[in-house]
Amino acid sequence: KGVACPRPSSGSVAVLLTQPGASSAGHALSEAIFLSSVLRMARLGAFQHKPLYVIPSLSRLWCCHCQQLVDATSSGDCILDSLSPPISPMDPNMKASNPLAYLVFQIALRFLPNQTVSWFSLFKDEVNGKDPNFACPRRYDAVVQPFRSLVGDASLHNEFRQHAAELCGLQEPPAVPKKRRLVLLRRTRHMRSWGDVEELLQGLLAWAKRNDWQVEVLTLGDMEPCEQIAALQDASIAITVYSTEHHLASAFLPEKAVLLVLNTKVKARLKKLEDLRGPGMQRNASVARRFVELCGPWRAAAEAREAKEADSGGSWEPVLAPFMDNSGTAAARNLMFYAFNNVTCHVLATSKKVVSRTPCGSDDLLVTGAVSTHWDDLIRVLDISLIHLRRFL
């Protein structure tokens, strides 16, 4: 189009993000943890003295059309830099529009202290805005992009949590559970909110009285970002639905706390119990075998169902599982994590007077109503959680 692109650069590293904070606080948290991991690598010398370019346009990148933009003979990968990038994580406008996203990116930048950070649109001056829809190719020595799962080990996440407390002016967060405090996290929307609330609260309050625990119901979406972190950082047990709240709890609970989640995402499918992992990624190891032992009656029924459906390629799944989609942060932080897969959806009918109940899991992500499970199962898991927490409390 008559716009001359600068010569591709060298000696630099691209860090690819999607669109920080553009969709949800949960996505922004995932991006910030990834960025924290990259900046920790830089702090440890992984990129020598090469400049890092954080590019928040991954959804518009990668090289379907690079060959057309460069030349027909080029075989190298390139990245397309938009002249109108999404809002910067350091822009005060983000602080106003998405304060939690703004906060978690400030936390990430603390992993590389004493560095000058600036935000600008690559090549904007060279192209001089002749075509706001045009994007120039750019080459880098290395590219770092997020994996599909959340990244990092316990030390990374604990440092992230420590920086959050410092940035918010909070007391140093406890490293492990110290309080007999349970938080029930509720959402600001009906989508994936709690169903059968009265029965749920009656069960929790009776359990709390019997065991001398404190129960709090928190609506994180109605709280300021630092208030959300403060509310989570000393809780020993959190109960939530798969949502942004589950990501926040995974990141800010004390290490080795308990996180219980109603799984409304696509359910984890197992062909056989020997596919269970634990400890770590080892199949059928001590933790996995103990889980099988405790769930003996269920195993027999599951194996019978598996045998029945084997010819048709069917699969079965546990009612309770120590993992689910996006439970990587909980695993990295050594949380006692359980996902409840026997989830019921409460869908409000068109008349808004009748609630129908159906098993969840037919869609990729439940977006239609409130959810519940067998609350007696939840209380049983809470009793098991107390055994785990005895070493700390």
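## A walk through the model

Start by selecting Val13, which stands opposite Ala142 in strand 5. (Helices and strands are DSSP runs numbered from the N terminus, H or I of at least four residues for helices and E of at least two for strands.) Before moving on, note that this is a predicted model, where local features need pLDDT of at least 70, side-chain atom pairs count only at pLDDT 80 or more, and totals for chains, interfaces and linings use all residues. Residues are numbered from 1 along each chain as its sequence is written, and side-chain values use heavy atoms, with hydrogens and water left out.

**Stop 1: the sheet with strand 1**

Now colour strand 1 (residues 13-16) and strand 5: they run parallel, joined by 3 bridges. Two strands count as paired if DSSP finds at least two bridges between them. Add strand 2 and you have an open sheet of 3 strands, in the order 2-1-5, with parallel pairing. Strand 2 (52-55) and strand 5 (142-144) are at the edges with a single partner strand each, so one side of each has no neighbour in the sheet. From one strand to the next, the twist averages 20 degrees.

Next, show helix 1 (residues 25-43), which packs on this sheet and touches strand 1, strand 2 and strand 5. Its direction makes about 160 degrees with that of strand 1. Angles here run from 0 to 180 degrees between N-to-C directions, and axes are lines fitted to C-alpha atoms, for helices over the stretch in contact. Touching, or contact, means heavy atoms within 4.5 Å.

**Stop 2: helix 6 and its two partners**

Keep helix 1 on screen and add helix 6: the two pack at an angle of about 110 degrees, with axes 11 Å apart. That makes helix 1 roughly perpendicular to helix 6 (65 to 115 degrees is roughly perpendicular, under 35 roughly parallel, over 145 roughly antiparallel, and the rest oblique). Residues to pick in this contact include Leu29, Ile33 and Arg40 of helix 1, and His157, Glu159 and Phe160 of helix 6. By class, the contact has 5 nonpolar, 4 polar and 3 charged residues. Ala, Val, Leu, Ile, Met, Phe, Trp, Tyr, Cys and Pro count as nonpolar, Asp, Glu, Lys and Arg as charged, and the others, Gly among them, as polar.

Then swap helix 1 for helix 4 (residues 99-109), which packs with helix 6 (residues 154-168) at about 115 degrees, their axes 9 Å apart. Select Leu103, Val104, Gln106, Ile107 and Ala108 in helix 4, and you'll find them meeting Phe160, His163, Ala164, Leu167 and Cys168 in helix 6. This contact has 8 nonpolar, 2 polar and no charged residues.

**Stop 3: strands 6 and 7**

Jump to strand 6 (residues 181-186): 5 of its 6 residues are buried, so the rest of the structure largely encloses it. Buried means under 20% relative accessible area, exposed over 50% and partly exposed in between, with a 1.4 Å probe and protein chains only. Strand 6 pairs with strand 7 (residues 214-219) in the parallel sense, over 6 bridges. Click Leu185, then look for its bridge partner in strand 7, Leu218.

**Stop 4: helices 8 and 9**

Select helix 8 (residues 225-232) and helix 9 (residues 244-252), which pack at about 60 degrees with axes 9 Å apart. That makes helix 8 oblique to helix 9. Show Gln228, Ile229 and Leu232 of helix 8 with Leu248, Ala249 and Phe252 of helix 9 to see what makes the contact.

**Last stop: zoom out**

The whole protein has 13 helices and 14 strands, and buried residues make up 47% of its 393 residues.
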